[in-house]
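Grab your viewer and let's work through a few exercises on how two parts of a chain meet. Try each task yourself before reading on.

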Amino acid sequence: MSSVADAAIPVVPVLQSGKWHKHSSNAGGDVYNPSTGQVIARVPFCNTDETAGVVAAAAEALPAWGETPAVERARVMFRFRDLVAENFEELAALVTREHGKTLPESRAEVQRGMEMIEYACSVPTMLMGDTLSNIASSVDAETVRHPVGVCVGITPYNFPFMVPLWMFPVAIACGNTFVLKPSEKVPLSSVRLGELLTEAGLPPGVFNIVHGDRHCVEVLLTHPQVAAISFVGSTAIAKYIYETGTKNGKRVQAAGGAKNHLIIMPDADLDQSVKALSASAYGCAGQRCMAGSVAVAVGKVADPLVEGLCDHAGGFRVGPTDGNESVDMGPLIRREHLERVAGYLDIAATDGARVALDGRRDFDGDGFLLGPSVLDQVETGMRVAQEEIFGPVLSVIRVDDLESALEVGRNCPYGNGASIFTSSGYAARQFKHHFNAGMIGINVGVPAPMAWFPFTGWNQSFFGDLHIQGTESVHFYTRQKMTLTRWFASAEESHHDPVWKTK
Ligand code: NAD
């Protein structure tokens, strides 16, 4: 940890009550351009008072925003969506700059994020409640949805633009105010989102940004004015956030890590499967919670599959992505992470697996580059089959039949996504129904739901009840009120005819 005042490098500002503040005397961290290995900004780690001050700003803005008509709140989202569309290319370039994914991958991320704003634009419809007249004699019942209060979002590094948008557009459109604590590794996209929200006309204090590490998070988890917490990150932290947040009386949704399986049946289209598996495992350099991590080859498909994967991924152009569109795969987020991922190749070899394609090479420059790797002859109990690697490494487990492939899933502690590649409807149906994961793909490599559907991780991949995205997110960011109404007739009113009496 260093002081943010160390060098003449830009300091990432905090957004509080509509104003940008630079906490340049704080402890903080470095933001890198992973393509070059250069530090491009410094991020402050806000202390207790600074973090509490940002929460207080959100609390102050809550009454007025919560009472703003839903259609007006939606209009801000419409303007925000248009600003994101107008600045699409600049935003994608920023994601590439601070994260390292390729420009096409960043464009896809901006697109997915924009769809969350589009979803939030329909909030007046989504907030509608239920009514039933005459639930008892002359008694009517209705439910309405109220905001929950100050909501907090704590986000990971791997989707700097999209994951914050999984949270705050719906939360804000529902009438809550929001404090975002972006990943300290990639805070720049969040700052740009804050600028665009201000330009869209969002009142000061409705959306705020605080920066920090575990201490800042702890303040947010225990602050009495925080009502709800959305978290996305690794499993150990997700579990801690869920346990600490709920213990402190907050509602919490916490999405964690993953180990996603790709099942290849003997009747699958091999060429299509190889392309889909490579895109799944090596897209964003494997740094996706929905990345395929374990290929389960059923029967005789194993040999040609491993050969096809090594040929295809071995031909990937790996290099710096910032300002460079002619690469298939970019760098990892940090050098330490690269070393951790590369270390799994040695662990696999020691455990008895075969390194069929080794991504370790001498690359030009100081970027955090590692090529794609394929591990063959992996067994279910090995560390590479059980632990989240979060890099461009695909393990291949060989099994005899579909039932054994389902068993591989049952032995995995996570439960985010899994896909099958087959031309058999029966095998696909068996897999869909029985595989131990919350998001299923059939001949689709990355079964990540779009904004309108919930992100339904299972097991150690999710802690909470209501998932991110879709209707569940509206339910997470609102609380219901039920009203029973009875009006007593005055002497003159009691002689009205019933509604169905015809003259
Ligand atoms: P991370 O858990 O290290 O960090 C996530 C957030 O938690 C960051 O904002 C970070 O500052 C904060 N944090 C880190 N350590 C903390 C601590 N000890 N106490 C309190 N807060 C802490 O995750 P990451 O490395 O940034 O992101 C990658 C992880 O996120 C992977 O495990 C990936 O699978 C997961 N992820 C999951 C999903 C999903 O939907 N399930 C989506 C994207 C990423």
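The exercises below go from the domain layout to the interface and then to the annotation; keep in mind that the model is predicted.

**Exercise 1.** Work out which residues belong to each domain and how far apart the C-alpha centres lie.

*Solution.* Start with the bounds: domain 1 takes 14–257 + 457–483, while domain 2 takes 260–413 + 417–442. Now put a point at each C-alpha centre, and you get 31 Å between domain 1 and domain 2. As for who does the touching, 29 residues come from domain 1 and 29 residues from domain 2.

**Exercise 2.** Describe the area buried between domain 1 and domain 2, and find the salt bridge there.

*Solution.* Step one is the area: about 2,300 Å² is buried between the two domains, with carbon and sulfur atoms giving 57% of that. Step two is the charges: the count between domain 1 and domain 2 is 1 salt bridge. For a salt bridge to look at, go to Arg107 and Glu325: their closest N and O atoms sit 2.9 Å apart, and the cut-off is 4 Å, so the pair qualifies. Step three is polar contacts, where the interface has 13 residue pairs. On the domain 1 side, β4 (27–33), α3 (88–99) and α4 (103–121) each supply at least two residues. That side splits into 9 nonpolar, 13 polar and 7 charged residues.

**Exercise 3.** What does the UniProt annotation covering residues 20–482 say?

*Solution.* The unreviewed UniProt entry lists "domain: Aldehyde dehydrogenase" for this stretch. Over residues 20–482 the chain is 41% helix and 21% strand, and its end C-alpha atoms are 40 Å apart.

Methods:
Residues numbered from 1 in each chain as written. Predicted model: local features only at pLDDT ≥ 70, side-chain atom pairs only at ≥ 80, totals over all residues. Heavy atoms only, no water. Domains from an automatic or database assignment. Contact = heavy atoms within 4.5 Å. Buried area = accessible area lost by both parts, 1.4 Å probe. Salt bridge = Lys/Arg side-chain N within 4 Å of Asp/Glu carboxyl O. Polar contact = N/O pair within 3.5 Å; in protein donor to acceptor, adjacent residues only side chain to side chain. Helix = DSSP H or I, 4+ residues; strand = E, 2+ residues; numbered from the N terminus. Nonpolar A, V, L, I, M, F, W, Y, C, P; charged D, E, K, R; others polar. UniProt positions renumbered as here; feature names shortened; annotations may be inferred.
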